[in-house]
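Visitor: I should be grateful for a close examination of one part of this model, namely the packing of its helices and the nonpolar core. Please proceed residue by residue where that is useful.

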Amino acid sequence: MLQSTVGRDWSCTDEYEKLVFRMSTPRVVIDNAVCSTATLVKIDSARRHGILLDAVQVLTDLNLSIQKAYISSDGKWFMDVFHVTDQNGSKLTDESVLRYIEQSLGSIQIGRTDHPNGLTALELTGTDRVGLLSEVFAVLAHLQCDVVDAKVWTHNGRIASLIFVKDCNSGSPIEDAQKIDRIEARLRNVLKGDNDIRSARTSVSMAVMHTERRLHQMMFADRDYERAPIFKCNFDTPVVTVQNWAERGYSVVNVQCKDRIKLLFDVVCNLTDMEYVVFHATINTTGDQAYLEFYIRHKDGTPISSEPERQRVIQCLEAAVERRASEGLRLELCTEDKQGLLAEVMRTFRENGLNVRRAEISTLEDQTANIFYVTDAVGNPADPKIIESVREKIGLNKLRVKELPLIRHQKADREDQTYGVGGTVLLSIGSLVRRNLYNLGLIKSCS
């Protein structure tokens, strides 16, 4: 059992200072003995708006699965218990991971940001269309921008992307005002296309908050939840209900949907950004289904007060769940990085009628590890013959087709499979966790 109130020298501290420090510093207990199937992570802390999101973010940034959670923050105190496993459904035993969780949760009162150091962040939103990312990455390659990391989400015909770049020649952040203006203008023209004159948006900054939280905010600001899909959807719509509990002054939100990694983060992120406070919550998973119940109020202490507001909460939470729903075939590209690589890959996708529904792009040292979810041009499953043709053009040993990651209760006795030539899994759970620790600066090597 690990227990922490963050390291501190108490020898020269009076009793009052000790009391103030202990009241303002989260108490974290990590227990592997109580539950036979999961690691328990317990947090006690003074309550502030957004602290639940920060706690969940620590766990989901490591791609941990939250099997159950019990949340209570009535009054001025915040108490949570999370039952977590790795993606194999096993308890957490890696001491570096346990130590990172303990230290990170012990400092969440300070607040957290997450952005790659020394990079320029490009934010893009607009109307999704087949081949759009091919044009975006071609423009960046032409303007001598090296893409180091990126995440792309699409939902209801809209696209949001956060792309981190550096100058190809100097390897430094792009700070020249004229070059930044050129990048913004070129990308805005690409996003506008022929029919998105008003809603296409681009911006450039040197630092951003947590990438996935920012993507939710960009989609929310773009009002994707009000729009109708333009591509065929192949996922089950989440069931969201909102009712008021007048006697207690709460609004009760229930979400039922297919379980997946980062589901709790996505829901809590949107509740937080809509300025609701979660006072109590219960999260449970059964089979491949997740059941989430939240007791919420506005920041001023009042519940949801009108039918239009209730409908808006339902729409926004449905969108929050759907944005990360894995549509399409998962392609994993692992190869040596080179200038213009993404532009070449995306052009090959476009020329073969493949539409990228979601993408995660990362570079570690001189190697790229990219994930793409693709469908055909209208949202149907991609033709296996086309996929094999694309793999042959890019490289059979570089681009692999992989089934979607299975959560513990979905794995059963199935073994990991890879479609086509070569059966090597791109990332094991261990290397995935180590990559996250590497990105957070906690270890020097991801190997």
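**Core and helix packing**

Guide: In this predicted model, Phe-294 is in contact with Ser-251, Val-252, Val-253, Leu-264, Val-267, Val-268, Leu-271, Val-278, His-280, Ala-281 and Ile-283, leaving aside its neighbours within four places in sequence. A second, separate core comprises 43 residues, including Leu-140, Leu-143, Ala-150 and Leu-399. The largest nonpolar core has 56 residues, and the members that touch the most others are Phe-82, Ile-101 and Phe-294. In soluble globular proteins, nonpolar side chains tend to be buried together.

Ile-101 leads to a pair of helices, since it is one of the residues of H3 that meet H2. Helix H2 spans residues 51-60 and helix H3 residues 95-105; their axes lie 10 Å apart, at an angle of about 165°. Because angles over 145 degrees count as roughly antiparallel, H2 is roughly antiparallel to H3. The crossing of H2 past H3 is right-handed. On the H2 side, Ala-55, Val-58 and Leu-59 take part, and they meet Ile-101, Ser-104 and Leu-105 of H3. By class, the residues of this contact are five nonpolar and one polar, with no charged residue.

H2 is also among the elements against which the buried residues of helix H6 pack. The others are strand S6 (120-127), strand S7 (145-155), strand S8 (158-167), helix H7 (263-273) and helix H8 (307-322). H6 covers residues 211-221, and nine of its eleven residues are buried, so this helix is largely enclosed by the rest of the structure. The buried residues are Thr-211, Glu-212, Arg-213, Leu-215, His-216, Gln-217, Met-218, Met-219 and Phe-220. Just after H6, Arg-223 adopts a positive phi of about 60°.

The remaining pair is H7 and H8. Asn-270 lies in H7, and its relative accessibility is 2%; the residue therefore counts as buried, the limit being under 20%. Not counting residues up to four places away in sequence, Asn-270 touches His-216, Cys-316, Leu-317, Ala-320 and Arg-323. His-216 is itself one of the buried residues of H6. The axes of H7 and H8 come within 9 Å and cross at roughly 145°, in a right-handed crossing. From H7, the residues Leu-263, Asp-266, Val-267, Asn-270 and Leu-271 meet Cys-316, Leu-317, Ala-320 and Val-321 of H8. Seven residues of this contact are nonpolar, one is polar and one is charged. Val-267 and Leu-271, which belong to this contact, are also in contact with Phe-294.

Note on methods:
Residues numbered from 1 in each chain as written. Predicted model: local features only at pLDDT ≥ 70, side-chain atom pairs only at ≥ 80, totals over all residues. Heavy atoms only, no water. Core = buried A, V, L, I, M, F, W, Y, C linked by side-chain atoms within 4.5 Å. Buried < 20%, exposed > 50% of the residue type's maximum accessible area, 1.4 Å probe, protein only. Contact = heavy atoms within 4.5 Å. Axes fitted to C-alpha atoms, helices over the stretch in contact; angles between N-to-C directions. Helix = DSSP H or I, 4+ residues; strand = E, 2+ residues; numbered from the N terminus. Parallel < 35°, antiparallel > 145°, perpendicular 65-115°, else oblique. Left-handed = near helix turned anticlockwise from the far one by under 90°. Nonpolar A, V, L, I, M, F, W, Y, C, P; charged D, E, K, R; others polar.
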